[in-house]
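I opened the notebook to record how the helices pack and where the nonpolar residues gather. The entries follow in the order in which I looked things up.

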Amino acid sequence: MRTVNANGEATIWARIIQPENDGLSPDAARALLELRFCERDRARMSELAEKNKEGRLSEEERAELEGYVKVGDVLSLLHLKARKSLKG
């Protein structure tokens, strides 16, 4: 389980993106909702997650997985803002 750091990257991004607010045009919101990990990245994340569960990640792989998690956090914030904007 991850803890939330008040000055961690995801928290800083949340303050910048402000996902609880709308403010995006419908076109911008729809474009953001199109942003997704490609199949290759999803496969790699799955592979790294499995190795992590088994305790077999190298330090390099751990850093790679953390990178995917950070990008996923920001992507989730953008998607939240886009959905909020489309509802507003």
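Entry 1. I began with the relative direction of helix 1 (residues 9–17) and helix 4, working from a predicted model, and found that their axes come within 10 Å and cross at roughly 20°. Since angles under 35 degrees count as roughly parallel, I therefore entered helix 1 and helix 4 as roughly parallel to each other. I noted the handedness of this crossing as right-handed.

Entry 2. Next I looked up which residues make this contact, and on the helix 1 side I listed Glu 9, Ala 10, Trp 13, Ala 14 and Ile 17. Their partners in helix 4 are Lys 70, Asp 73, Val 74, Leu 77, Leu 78 and Lys 81.

Entry 3. I then turned to helix 2 (residues 26–33), where I found Ala 29, Leu 32 and Leu 33 to be buried. These residues lie on the same side of helix 2, because they cover an arc of only 100° around its axis. When I asked what they face, I found that the buried residues of helix 2 pack against helix 4 (59–87).

Entry 4. Which residues make up the largest nonpolar core? I counted 7 residues in all, namely Phe 37, Met 45, Leu 48, Leu 57, Leu 65, Tyr 68 and Leu 75. Helix 3 (39–53) and helix 4 each supply at least two residues of this core, and the largest share, 3 residues, comes from helix 4.

Entry 5. Last, I followed the contacts of Met 45 and, not counting residues up to four places away in sequence, found that Met 45 touches Phe 37, Leu 65 and Tyr 68.

Conventions: Residues are numbered from 1 along each chain as its sequence is written. This is a predicted model: local features need pLDDT of at least 70, side-chain atom pairs count only at pLDDT 80 or more; totals for chains, interfaces and linings use all residues. Side-chain values use heavy atoms; hydrogens and water are left out. Buried means under 20% relative accessible area, exposed over 50%, partly exposed in between (1.4 Å probe, protein chains only). Helices (H or I, at least four residues) and strands (E, at least two) are DSSP runs, numbered from the N terminus. The arc is that of the directions from the helix axis to the C-beta atoms. Contact means heavy atoms within 4.5 Å. A nonpolar core is a set of buried Ala, Val, Leu, Ile, Met, Phe, Trp, Tyr and Cys residues joined through side-chain atoms within 4.5 Å. Axes are lines fitted to C-alpha atoms, for helices over the stretch in contact, and angles run from 0 to 180 degrees between N-to-C directions. Angles under 35 degrees count as roughly parallel, over 145 as roughly antiparallel, 65 to 115 as roughly perpendicular and the rest as oblique. A crossing is left-handed if the near helix is turned anticlockwise from the far one by less than a right angle, and right-handed if clockwise.
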